[in-house]
Amino acid sequence: MKQTFKWVFVVIASVVLLPLAIIFFIYKKAVGKRDFIPEAVENLDDAAQEFVKKTAPLSDVDARYKYIRLAQKAAPSAKNIEIGEIENKKIDGPGGKIPLRIYTPANEGPYEIIVYFHGGGFVTGSIQHSDEIARRLVQATGARVISVDYRLAPENPFPAATQDAYAALLWVNSHNTSLRAKSKDIIVAGDSAGGNLAAVVSQLAKAKGTPTISKQILLYPPTDIFSRDASVLYPSMDHFSEGYVLTKESLDKYFKLYLSKASDRKYDPLVAPIRSKDLGGLPKAFVITAEFDPLRDQGEAYAKKLKDAGVPVFVKRFEKVPHDFLTTSSAATEETYELIREFLAE
């Protein structure tokens, strides 16, 4: 009998306790030491203050990105945000299979189609980590949302993410009927690095003549170089260089990892969409920025350049919030989804 209990304990330890210990180790490595600046936090609203305290810092990207990824992939789904069906599938891409997650509203359709690209500096992030945003988009808009798990740097630096993002658009375009789409028009959306990809593929689709993108939703996007060099053009890079989750140091590291094999292309519009010489004829744009975000100024500069090129643009800066505020339960978050709903309903 004692021998039986011994083996039962061994099995429990192997199946339950060991995985829990590994997950705990991954979590501790991923989050690192929480060290925020009290003076900076005082500038934020209540929800943003709690977010910064729980999330800061994210500066040591190159040392911890693998652990961050694992922790993000292990994040629980936002099942409290109820929608219809969720389907995971893989499609052929230029570098292998591209995972997609398809979120469907409870109603039967037909649907508007939103292709969504997650954030994470092109180095972290995943469809699992962005599960809540995708679900909220479905609830707010009634659209079918297709979240794309594009390849990440440094294993797959630029242009891998861009290639996967565009390949996903082509797949959606060729499966218009099975997706029960209202039309051939596609809406692209993304937060942070995903906002960059949404802007880039909008330009690619225009240049190639396919597919038809009707609207682009850019949530606190980097639209130009996002390294230390950007401070010259965008004062927000220095004004909010630390203390608000996303730091100037981390942006510099993301940039170097993303362009590790193409540093000479940092001004390429496929990296920095604001550098395009012709923005005319691009899809109607929705641009959101955050007051305490080092990327704020370049997001707003891109909105202005689009307007100057004759593109209809809605742009709004939310005050007293940092980068990535959509992961908070705040008034700014709720208003953003309501504004997206109105933007798509126009």
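Helix α5 holds a run of buried residues: Asp131, Ile133, Ala134, Arg135, Arg136, Leu137, Val138, Ala140 and Thr141. The model shown here is predicted. Because 9 of the 11 residues of α5 (residues 131-141) are buried, the helix is largely enclosed by the rest of the structure. What do these buried residues pack against? Their partners are the strands β1 (86-93), β2 (96-103), β3 (111-117), β4 (144-148) and β5 (181-191), together with helix α11 (331-345). Just after α5 comes Gly142, with a positive phi of about 75°.

Those strands lead into the sheet. It is open, has 8 strands, and its pairing is mixed. The strand order is β1-β2-β4-β3-β5-β6-β7-β8. At the edges stand β1 and β8, each paired on one side only. From one strand to the next, the twist averages 20°.

Take β7 (284-292) as a way into the sheet. This strand is mostly covered, with 7 of its 9 residues buried. How does β7 run relative to β6, parallel or antiparallel? The two are parallel, and 5 bridges join β6 (residues 213-219) to β7. One pairing to look for is Leu219 with its bridge partner Ile288 in β7. Strand β8 (residues 313-322) also pairs with β7 in the parallel sense, over 7 bridges. Here Ala285 stands opposite Val313 in β8, and Phe286 stands opposite Phe314 in β8. In a regular strand, side chains alternate between the two faces of the sheet.

A helix covers this part of the sheet. Helix α10 (residues 296-308) lies across β6, β7 and β8. Its direction is about 155° to that of β7.

Now turn to a pair of helices. Two packed helices are described by the angle between their axes and the distance between the axes. The axes of α6 (residues 160-174) and α7 (residues 193-208) come within 10 Å and cross at roughly 60°. The crossing is right-handed. Which residues meet there? From α6 come Ala161, Thr162, Ala165, Tyr166 and Leu169. From α7 come Leu197, Val200, Val201, Leu204, Ala205 and Lys208. By class, this contact has 9 nonpolar residues, 1 polar and 1 charged.

Val200 also points the way to a loop residue. Its C-alpha atom is separated by 7.5 Å from that of Val271, though the two are 71 residues apart along the chain. Val271 lies in the loop between α9 and β7. Is Val271 buried or exposed? Its relative accessible area is 0%, so Val271 is buried. Leaving aside neighbours within four places in sequence, Val271 is in contact with Phe158, Asn196, Phe255, Leu259, Arg265 and Lys266.

One of those contacts, Phe255, is itself a buried residue of α9. Helix α9 (residues 248-258) is mostly covered, with 9 of its 11 residues buried. Besides Phe255, the buried set includes Lys248, Ser250, Leu251, Asp252, Lys253, Tyr254, Leu257 and Tyr258.

Step back to the whole chain. The protein has 11 helices and 8 strands. Of its 346 residues, 54% are buried. Among contacts between residues at least 6 apart in sequence, 76% join residues at least 24 apart. The accessible surface comes to about 15,600 Å², and carbon and sulfur atoms account for 54% of that area.

Terms used:
Residues numbered from 1 in each chain as written. Predicted model: local features only at pLDDT ≥ 70, side-chain atom pairs only at ≥ 80, totals over all residues. Heavy atoms only, no water. Axes fitted to C-alpha atoms, helices over the stretch in contact; angles between N-to-C directions. Helix = DSSP H or I, 4+ residues; strand = E, 2+ residues; numbered from the N terminus. Left-handed = near helix turned anticlockwise from the far one by under 90°. Contact = heavy atoms within 4.5 Å. Nonpolar A, V, L, I, M, F, W, Y, C, P; charged D, E, K, R; others polar. Buried < 20%, exposed > 50% of the residue type's maximum accessible area, 1.4 Å probe, protein only. Areas by Shrake-Rupley, 256 points an atom, 1.4 Å probe, with all protein chains shown as cover. Pairing = 2+ DSSP bridges.
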